[in-house]
Amino acid sequence: MTNSNSPATASWIALFRAQKRARTAIDNALNSANLPPLEQYDVLWALEQAMPLGLRPYELEQAVLLPQHGISRLTSQMVKQDLLVRLPCPDDKRGFRLVPSDSGLQLRQRMWKIYRPVITEFFQAKLAPDEVQELTQLLCRTG
């Protein structure tokens with residue numbers, strides 16, 4: 001049986017608590033600005049990075065920073081809102097690729113103006129630049 005008070009467990013818990021606090025602050029800031037939730041930002045960001053081809057739904061699930069459940073429902077909703085476009089997939093006649101629409105790209109930019117200061121506040125207010133760099137390097141080792 002492993003010790004639930006181990007340094008690794010304490011780090012794991014601290015990481016998730018920090019993520020939860022940051023996520024709550026980001027969601028609150030977006031909501032206060034009458035913008036959609038963070039899930040839509042992450043979908044738009046992942047698809048924007050994959051331009052001009054976009055991503056197949058399973059590729060999008062692997063690219064987003066959020067849990068995969070509900071991605072199909074979310075992307076269908078975003079297509080209906082004219083934030084995403086479904087393009088035929090040339091190598092799979094039944095499949096499609098998703099790309100952000102012009103309005104989706106504009107929305108992501110508006111959301112970033114709200115999202116970015118929250119990230120900056122969480123890191124600049126609590127960590128020195130070298131600590132941010134070290135944290136990034138440590139977390140990248142686990143991936």
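Reader: Let's take buried as under 20% relative accessible area, exposed as over 50% and partly exposed as in between, with a 1.4 Å probe and protein chains only. Which of the three is Phe 123?

Author: Phe 123 is partly exposed, because its relative accessible area is 35%. Phe 123 belongs to helix H5. Helices here are DSSP runs of H or I with at least four residues, strands are runs of E with at least two, and both are numbered from the N terminus.

Reader: Thanks! What kind of model is this, and how are residues numbered?

Author: This is a predicted model, in which local features need pLDDT of at least 70 and side-chain atom pairs count only at pLDDT 80 or more, while totals for chains, interfaces and linings use all residues. Residues are numbered from 1 along each chain as its sequence is written, and side-chain values use heavy atoms, with hydrogens and water left out.

Reader: What's the mean pLDDT of the chain?

Author: The mean is 90, and 93% of the residues reach 70 or more. pLDDT is the predictor's confidence in each residue, from 0 to 100. Confidence is highest in H2, at a mean of 96, and lowest in helix H6 (residues 129-142), at 86.

Reader: Back to Phe 123. What does it touch, beyond residues up to four places away in sequence?

Author: Phe 123 touches Val 132 and Leu 135, where contact means heavy atoms within 4.5 Å. Its C-alpha is also 9.8 Å from that of Ala 22, although the two residues are 101 apart in sequence.

Reader: Now pockets. How much space lies in the largest one?

Author: About 1,300 Å³. Of its 30 lining residues, Leu 15, Ala 18, Gln 19, Phe 123 and Leu 139 are the closest to the centre. H1, H2, H5 and H6 each give two or more residues to the lining, and H1 has the largest share, with 11.

Reader: What counts as a pocket there?

Author: On a 1 Å grid over the protein atoms alone, a pocket is an open set of points with protein on both sides within 12 Å along at least five of seven lines, whereas a cavity is a set where a 1.4 Å probe fits but cannot get out. Lining residues have an atom within 4 Å of a point. Grid points are joined across faces, edges and corners, and the volume is the space filled by probe spheres set on the points.

Reader: Got it. Which residues touch the most other members in the largest nonpolar core?

Author: Val 43, Leu 47, Leu 60, Met 78 and Leu 84 do, out of 25 residues in that core. Helices H1 (7-32), H2 (38-49), H4 (71-80) and H5 (102-124) each supply at least two core residues, with the largest share, six, coming from H2. A nonpolar core is a set of buried Ala, Val, Leu, Ile, Met, Phe, Trp, Tyr and Cys residues joined through side-chain atoms within 4.5 Å.

Reader: And what is Met 78 in contact with, leaving aside neighbours within four places?

Author: Met 78 is in contact with Gln 40, Val 43, Leu 44, Leu 83 and Leu 84. Leu 84 also has a bridge partner in E2, namely Pro 100.

Reader: So how do strands E1 and E2 pair?

Author: E1 (residues 84-89) and E2 (residues 92-100) are antiparallel, paired over six bridges; strands pair if DSSP finds at least two bridges between them. They form a hairpin with two residues between them, and Cys 89 stands opposite Asp 92.

Reader: Where do they come in the pattern along the sequence?

Author: The pattern reads α-α-α-α-β-β-α-α, from six helices and two strands.

Reader: Backbone check: which residues does a cis peptide bond join?

Author: Met 51 and Pro 52, with omega about 5°. Pro 52 sits in the loop between H2 and helix H3 (57-63).

Reader: What is phi for Asn 34? And for Asp 82?

Author: Asn 34 has phi near 55°, a positive value in a residue other than glycine. Asn 34 is in the loop between H1 and H2 and counts as exposed because its relative accessibility is 73%. Asp 82 has a positive phi too, near 65°. Asp 82 is in the loop between H4 and E1 and, at 46% relative accessibility, counts as partly exposed.
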